[in-house]
Amino acid sequence: MKNKLLIVCAFFCLSSCEGFLDLSPESQPNAKEFYVTENDFNSAVMACYQSLRNYPTIVLDVLEYRSDNMFMPSFTSGSQDKYEINHFQDNKTNSLIADIWEKSYSAISCCNVMIDHIQNATINADKKLQFEAEARFIRAFHYFNLVRLFGGVPLVVHELSDGEALKMPRESVGKVYEQIESDLIFALQLPDTYDKSDLGRVTSNAAGALLAKTYLTNKKYNDAKTHLNNIIITEKYDLLTDIKDVFDVNNEMNKEILFAIKYSKTLIDGGHGMWLSLSDVTLGHFSDVLKGAYNSDDARAGLLEYKKSGSVYLPMKYYDIQDVSTKDVGNDFIVLRYADILLMYAEVLNEESFDTDINSKNSGFYYLNKVRDRAGLPNLTSLEVPSQSDFKKAVLNERYLEFPLEGNRWFDLIRTGTAKEVIKAAYDIDIPDYRLIFPIPSAEVEKVNNPNILPQNPQY
């Protein structure tokens, strides 16, 4: 899968993967001739996977700086956009925000092209179902990010001409989530495992995990519980004994990983640059709040420590050494892992009832304490967590300690309605309500030039 994922895909597929306002697939040459064989469609799906490679940049340059995980006290040349996001001063011309919109819709377009063309394909039925389900998972993933970052967005699920694209209105948040849920329910038909050569493709369990997270975001706790429980009872996944092993580049796609974005540093254009590299560790990225949140016994704190790699320092969570030939590193970027399943399950069980029996599998304490135990921390009981609301806070705090640099924190704060109070406590910044979502990039609004179709978010 790693080699297949990083190949140069067929010309038509890649040339069709443009931003939705620039897509004109019917004008591309050889479209009908390209989408014929099983290999053609597999290459098209690989291009959809390739579109995920921008996600770590979204996490590390935008989401983590938006949260209380990373802090930039001042900016230098080239970092002003990041600084503005960190300090809630961003505007509709911010290049990092514009990049999210452009790259996400480019990825969605790539998925749409493949999905539309596969409908009448005469290939193996099982492969046809698999390829469509993979593309629909990836499309849902991009829309899940877009709707949480921007609110209602244009909902594009088919190939569009330029003229059609300019007429696509913003849909309601609810309609976008309906499409996300529909795509992920379809993706539940995927295999639950693959041969070693295809390790890294989306599985039914990865689809179930992302669907559960979608349901949790919308407070559909019973639906989330069903899909989380389905993953747990498979017993295919488990917490590794040492959390450092989860992120070890020599231990990728281990038993804790449900889905990760794949890289290979030995292939030309297959790896990536060093994530969060520093020449001086005193200029660390992490906020004082995050660094001070761990006690001395918590094994997870070590993942934020810096280690030298060549001439620079990297946090242990993303430590690797450059390949001699390509000069790249090759850490996979983990999107969904089993600790997330357990903590989401603890959360939904607590919403159902506050069960204080720490040994009962019907109690949120049972699953919360599994994650704490791996970190080297004592069990929490009703003595420390005496109420349902206290348990919610305990889960949110555990997620804070478990998932820094993984893209969860800002969305957790928004989902739980705690962003304003947490950022105020961390940075003494008062977040206006309108800044809980980002502005639509001004270039996109100006292209459409019709506020009835693509209005700007209020107060931007």
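**A walk through the cores and a helix pair**

Glutamate 402 is buried, with a relative accessible area of 1%. Keep in mind that this is a predicted model. Glutamate 402 sits in helix H17, which covers residues 388-402. So who keeps this glutamate company? Setting aside neighbours within four places in sequence, glutamate 402 is in contact with Ile243, Arg300, Lys317, Arg337, Ala339, Leu343, Val371 and Arg374. If you want a sense of scale, pick aspartate 269: it is 133 residues from glutamate 402 in sequence, and the two C-alpha atoms are 31 Å apart in space.

Some of those contacts lead straight to a helix pair. Ala339 and Leu343, both touched by glutamate 402, belong to H15 and take part in its meeting with H16. Val371 and Arg374, also in contact with glutamate 402, are on the H16 side of that meeting. The full cast from H15 is Ala339, Leu342, Leu343, Tyr345, Ala346 and Leu349, and they meet Gly364, Tyr367, Leu368, Lys370, Val371 and Arg374 from H16. By type, the residues of this contact split into nine nonpolar, one polar and two charged.

How do the two helices lie against each other? H15 (residues 338-352) and H16 (residues 364-375) pack at an angle of about 150°, and their axes are 7 Å apart. An angle over 145 degrees counts as roughly antiparallel, and H15 and H16 are therefore roughly antiparallel to each other. Their crossing is left-handed.

Now for the nonpolar interior. The largest nonpolar core has 129 residues, and Phe137, Tyr143 and Phe150 have the most contacts inside it. Helix H8, residues 125-150, gives the most to this core, with 13 residues. A second, separate core of nine residues includes Leu240, Val246, Ile257 and Ile334.

Back in the largest core, tyrosine 143 is worth a closer look. Leaving out neighbours within four places in sequence, tyrosine 143 is in contact with Tyr105, Ile108, Val153, Pro154, Leu155, Val156, Val176 and Ile180.

One of those partners, Leu155, is also touched by glutamine 179, together with Arg139 and Val157, not counting residues up to four places away in sequence. Glutamine 179 has its place in helix H10, residues 173-187. Is this glutamine buried or exposed? The cut-off for buried is under 20% relative accessible area, so glutamine 179, at 18%, counts as buried.

Note on methods. Residues numbered from 1 in each chain as written. Predicted model: local features only at pLDDT ≥ 70, side-chain atom pairs only at ≥ 80, totals over all residues. Heavy atoms only, no water. Core = buried A, V, L, I, M, F, W, Y, C linked by side-chain atoms within 4.5 Å. Buried < 20%, exposed > 50% of the residue type's maximum accessible area, 1.4 Å probe, protein only. Helix = DSSP H or I, 4+ residues; strand = E, 2+ residues; numbered from the N terminus. Contact = heavy atoms within 4.5 Å. Axes fitted to C-alpha atoms, helices over the stretch in contact; angles between N-to-C directions. Parallel < 35°, antiparallel > 145°, perpendicular 65-115°, else oblique. Left-handed = near helix turned anticlockwise from the far one by under 90°. Nonpolar A, V, L, I, M, F, W, Y, C, P; charged D, E, K, R; others polar.
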